[in-house]
Amino acid sequence: MIIMAIPNDPVILLSYINTQLRDFYSSLEAFCEDKGADKGEILKKLSAIGYEYNKELNSFV
């Protein structure tokens with residue numbers, strides 16, 4: 001089984017996570033739990049490029 005690593009580059013991470021949230025997950029928490037990702041680290045990386053998680057939209061905007 002091949003497991004794709006979560007991208008480290010913030011811009012690629014933004015695109016990857018928003019696509020995952022749109023297509024497969026009902027929340028950032030569900031994504032992080034399923035992928036074993038650190039929610040705080042994701043929030044920090046995407047905040048550094050001006051994006052915040054919007055719970056109602058289930059997307060980084």
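Is Asn58 buried or exposed? At a relative accessibility of 12%, Asn58 counts as buried, where buried means under 20% relative accessible area, exposed over 50% and partly exposed in between (1.4 Å probe, protein chains only).

The model is predicted, so local features need pLDDT of at least 70 and side-chain atom pairs count only at pLDDT 80 or more, while totals for chains, interfaces and linings use all residues. Residues are numbered from 1 along each chain as its sequence is written, and side-chain values use heavy atoms, with hydrogens and water left out.

**Exercise 1. Describe the backbone and setting of Asn58.**

Step 1. Place the residue: Asn58 lies in the loop between S1 and S2. Helices (H or I, at least four residues) and strands (E, at least two) are DSSP runs, numbered from the N terminus.

Step 2. Read the backbone angle: the phi of Asn58 is positive, about 50 degrees, although Asn58 is not a glycine. Most residues other than glycine have a negative phi.

Step 3. Set a glycine beside it: Gly36, which follows H2, also has a positive phi, near 70 degrees.

**Exercise 2. Locate Ser27 and list what it is in contact with.**

Step 1. Ser27 sits in the loop between helix H1 (10-23) and H2.

Step 2. Its relative accessible area is 16%, so Ser27 is buried.

Step 3. Leaving aside neighbours within four places in sequence, Ser27 is in contact with Leu21, Tyr53 and Asn58; contact means heavy atoms within 4.5 Å.

Step 4. Turn to Leu21: not counting residues up to four places away in sequence, Leu21 touches Ser27, Leu28, Phe31, Tyr53, Asn58, Ser59 and Phe60.

**Exercise 3. Determine how H1 and H2 are arranged, and which residues make their contact.**

Step 1. Two packed helices are described by the angle between their axes and the distance between the axes. Axes are lines fitted to C-alpha atoms, for helices over the stretch in contact, and angles run from 0 to 180 degrees between N-to-C directions.

Step 2. The H1 and H2 axes come within 10 Å and cross at roughly 105 degrees.

Step 3. H1 and H2 are therefore roughly perpendicular to each other. Angles under 35 degrees count as roughly parallel, over 145 as roughly antiparallel, 65 to 115 as roughly perpendicular and the rest as oblique.

Step 4. H1 contributes Tyr16, Ile17, Gln20 and Leu21 to the contact, and H2 contributes Leu28, Phe31 and Lys35.

Step 5. Sorted by class, the residues of this contact are five nonpolar, one polar and one charged. Ala, Val, Leu, Ile, Met, Phe, Trp, Tyr, Cys and Pro count as nonpolar, Asp, Glu, Lys and Arg as charged, and the others, Gly among them, as polar.

**Exercise 4. Repeat the analysis for H2 and H3.**

Step 1. The axes of H2 (residues 28-35) and H3 (residues 39-47) come within 10 Å and cross at roughly 120 degrees.

Step 2. H2 and H3 are therefore oblique to each other.

Step 3. On the H2 side the contact uses Leu28, Glu29, Phe31 and Cys32; on the H3 side it uses Lys39, Ile42 and Leu43.

Step 4. The classes here are five nonpolar, no polar and two charged.

**Exercise 5. Find the buried side of H2 and its packing partners.**

Step 1. Leu28, Phe31 and Cys32 are the buried residues of H2.

Step 2. They cover an arc of only 95 degrees around the axis, which puts them on the same side of H2; the arc is that of the directions from the helix axis to the C-beta atoms.

Step 3. The face of H2 turned away from this side carries the exposed residues Glu33 and Asp34.

Step 4. The buried residues of H2 pack against H1, H3, strand S1 (53-54) and strand S2 (59-60).

**Exercise 6. Describe the largest nonpolar core.**

Step 1. A nonpolar core is a set of buried Ala, Val, Leu, Ile, Met, Phe, Trp, Tyr and Cys residues joined through side-chain atoms within 4.5 Å.

Step 2. The largest one has 14 residues, and those with the most contacts inside it are Ile17, Leu21, Phe31, Ile42 and Phe60.

Step 3. H1, H2 and H3 are the elements that give two or more residues to this core.

Step 4. H1 supplies the largest share, five residues.

**Exercise 7. Characterise Lys45.**

Step 1. Lys45 is in helix H3 and is partly exposed, with a relative accessible area of 21%.

Step 2. Not counting residues up to four places away in sequence, Lys45 touches Asn8, Pro10 and Leu13.

Step 3. Lys45 and Leu14 are 31 residues apart in sequence and 9.1 Å apart in space, C-alpha to C-alpha.
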